[in-house]
Amino acid sequence: PDLIMCLKITGPIVGRLCEKCEGKCPICDSYVKPIQIVTICSDCSYGTHRERCIICGELGVSDAYYCRECIKLEKDVLIHFKERWLPKNH
């Protein structure tokens, strides 16, 4: 699945990552120096999406974090991802 930009204001919901994506920065795919927790908007966390990985759509097992470099470059402010994941019945 491809990540697409949501461009909505983030809410209090914490983004989740699955076992495969755990520890990865959702912006640059780095595993180095995770610092700031990822928050997502209420539309991106609606229903069953709340517990899904924000990168691949699998079941989330841990919180997502932005890495130090993305925070330093303010990419966390400019980019908010929404997963392109659809249930199998659509």
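This passage describes the fold, the core and three individual residues of a predicted protein model.

The protein has 90 residues. Its secondary structure consists of two helices and eight strands. The order along the sequence is β-β-β-β-β-β-β-α-α-β. Seven strands thus precede the two helices in this pattern, and one strand follows them. Contacts across long stretches of sequence are a marked feature. Among contacts with a separation of 6 or more, 84% link residues 24 or more positions apart.

Burial was examined next. Of the residues, 36% count as buried. The exposed surface comes to about 5900 Å². Carbon and sulfur atoms supply 55% of that area. In soluble globular proteins, nonpolar side chains tend to be buried together. In this model, the largest nonpolar core has 19 residues. Leu17, Cys21, Cys53 and Ile54 have the most contacts inside that core. Beyond its neighbours up to four places away in sequence, Cys21 touches Cys53, Ile55 and Cys56. Cys53 is thus both a partner of Cys21 and one of the core residues with the most contacts.

Cys25 belongs to the loop between strand E3 (16-17) and strand E4 (34-37). Its relative accessible area is 1%, so Cys25 counts as buried, the cut-off being under 20%. Setting aside neighbours within four places in sequence, Cys25 is in contact with Ser30, Tyr65, Tyr66, Cys67 and Cys70. Cys25 and Ile35 are 10 residues apart in sequence. Their C-alpha atoms are 9.6 Å apart in space.

Gly11 also lies in a loop, between strand E1 (3-5) and strand E2 (13-14). Gly11 has a relative accessible area of 22%, and is therefore partly exposed. Not counting residues up to four places away in sequence, Gly11 touches Thr39, Ile40 and Cys41. Val38 is 27 residues from Gly11 in sequence. In space, the C-alpha atoms of Gly11 and Val38 are 9.9 Å apart.

Arg16 is placed in strand E3. Two polar pairings involve the side chain of Arg16. One is a polar contact of 2.6 Å with the side chain of Asp63. In the other, a polar atom of the Arg16 side chain lies 3.4 Å from the backbone oxygen of Val61. Leaving aside neighbours within four places in sequence, the contacts of Arg16 include Arg50, Glu51, Arg52, Cys53 and Ile54. Gly60, Val61, Ser62, Asp63 and Ala64 are also among them. Asp63 and Val61 therefore appear in the contact list of Arg16 as well as in its polar pairings.

Notes: Residues are numbered from 1 along each chain as its sequence is written. This is a predicted model: local features need pLDDT of at least 70, side-chain atom pairs count only at pLDDT 80 or more; totals for chains, interfaces and linings use all residues. Side-chain values use heavy atoms; hydrogens and water are left out. Helices (H or I, at least four residues) and strands (E, at least two) are DSSP runs, numbered from the N terminus. Buried means under 20% relative accessible area, exposed over 50%, partly exposed in between (1.4 Å probe, protein chains only). Contact means heavy atoms within 4.5 Å. Accessible areas come from the Shrake-Rupley method with a 1.4 Å probe; for residues, only the protein chains shown count as cover. A nonpolar core is a set of buried Ala, Val, Leu, Ile, Met, Phe, Trp, Tyr and Cys residues joined through side-chain atoms within 4.5 Å. A polar contact is a pair of N or O atoms within 3.5 Å; within protein, one must be able to donate a hydrogen and the other to accept it, and residues adjacent in sequence count only if both atoms are side-chain atoms.
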